[in-house]
Amino acid sequence: EPGSIFKIVTYAAAFEEGKAQPDSKVNCGNGEIAIGKRIIHDTHAYGVLTAADAFAKSSNVCAIKLAQSIGKERFFEYIKGFGFGSKTGIELPAESRGIVNPLERWKGDSIASVAIGQEVSVTLLQAAGAVNTIANKGVWKQPHIIKKIVGSDGKTIYDANPVTRQVVSEQTALKMAELMERVVTHEIGRAHV
């Protein structure tokens with residue numbers, strides 16, 4: 001389970017769908033939200049935060065509310081778009097596709113779990129690919145370790161030709177990059193010695 005790094009997908013999807021912006025105010029419910037009989041908590045009792053602050057503080061409540069605003073069907077499309085639940089096709093043996101349950105297997109609280117990186121399993125390569133999508137202006141690009149193989153006769157035997165797809169707009173990717181940078185440039189993400 002990737003945990004909070006999966007919130008990149010949740011926030012990017014919400015921004016792309018117009019459900020929130022970095023300066024949108026979100027009531028984080030004093031750090032808890034009820035999903036059916038389950039109570040999910042934040043590490044602190046946050047009240048109203050901007051989406052940007054909620055991302056920086058890794059608020060579970062905010063991420064869940066954003067995912068709920070998108071709806072499970074659209075959210076699922078973004079999850080797949082970012083490359084989760086599928087093999088990347090990199091030139092390495094035994095690549096795992098990770099685990100993203102099909103929508104028909106989602107339970108009543110699945111959208112909440114998935115929004116905060118639970119109930120899914122991802123590979124390091126998939127996680128890196130999601131971050132790369134943000135850095136690459138919203139375009140997911142298939143990873144490769146081999147660019148080209150040329151035979152002794154000079155003819156190309158293999159040319160990678162990586163698959164690409166636009167997952168979110170360049171504007172959404174820029175917003176996410178700023179949020180991610182802010183986590184490490186402000187006191188929240190810095191190590192305290």
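The buried residues of helix α1 pack against six helices: α2 (51–56), α3 (60–70), α4 (72–81), α5 (110–115), α6 (124–135) and α7 (170–185). This is a predicted model, and α1 makes a good place to begin a tour of its interior. From there we can move on to the nonpolar core, and then to the aromatic rings.

**Helix α1**

- Helix α1 spans residues 7–16 and is mostly covered, with 9 of its 10 residues buried.
- Those buried residues are Lys-7, Ile-8, Val-9, Thr-10, Tyr-11, Ala-12, Ala-13, Ala-14 and Phe-15.
- After the helix comes Gly-18, which has a positive phi, near 75 degrees.

**The nonpolar core**

- In soluble globular proteins, nonpolar side chains tend to be buried together.
- The largest nonpolar core here has 51 residues, and Tyr-11, Phe-75, Ile-79 and Phe-82 touch the most other members.
- Two or more residues of this core come from each of α1, β2 (32–35), α2, α3, α4, α5, α6 and α7.
- Leaving aside residues up to four places away in sequence, Phe-82 touches Val-9, Ala-12, Ala-130, Thr-133, Ile-134, Trp-140, Arg-165, Val-167 and Val-168.
- Two of those contacts of Phe-82 also meet each other: Arg-165 lies over the face of Trp-140, at 4.0 Å from the ring centre.

**Aromatic pairs**

- Across the whole structure, a search finds 4 aromatic pairs.
- One of them joins Phe-6 and Phe-84 in a tilted arrangement, 4.9 Å centre to centre with 55 degrees between the planes.
- This pair links distant parts of the chain, 78 residues apart: Phe-6 sits in the segment before α1, and Phe-84 in the loop between α4 and β5 (99–100).
- Are Phe-6 and Phe-84 buried or exposed? Phe-6 is buried, with a relative accessible area of 1%, and Phe-84 is buried too, with 3%.
- Why is the pair of Phe-76 and Trp-106 edge-to-face? The ring centres of Phe-76 and Trp-106 are 6.1 Å apart and the planes stand at 80 degrees, and planes over 60 degrees apart count as edge-to-face.
- The pair of Phe-76 and Trp-106 also links distant parts of the chain, 30 residues apart, with Phe-76 in helix α4 and Trp-106 in the loop between β5 and α5.
- Phe-76 counts as buried because its relative accessibility is 17%, under the 20% cut-off.
- Trp-106 is buried as well, with a relative accessible area of 9%.
- Ring pairs also link Tyr-11, Phe-15 and Phe-55 into a cluster, and Tyr-11 and Phe-15 are among the buried residues of α1.

How values were computed: Residues numbered from 1 in each chain as written. Predicted model: local features only at pLDDT ≥ 70, side-chain atom pairs only at ≥ 80, totals over all residues. Heavy atoms only, no water. Buried < 20%, exposed > 50% of the residue type's maximum accessible area, 1.4 Å probe, protein only. Helix = DSSP H or I, 4+ residues; strand = E, 2+ residues; numbered from the N terminus. Contact = heavy atoms within 4.5 Å. Core = buried A, V, L, I, M, F, W, Y, C linked by side-chain atoms within 4.5 Å. Phe/Tyr/Trp six-rings, centres within 6.5 Å; stacked < 30°, edge-to-face > 60°. Lys NZ or Arg CZ within 6 Å of the ring centre and 35° of its normal.
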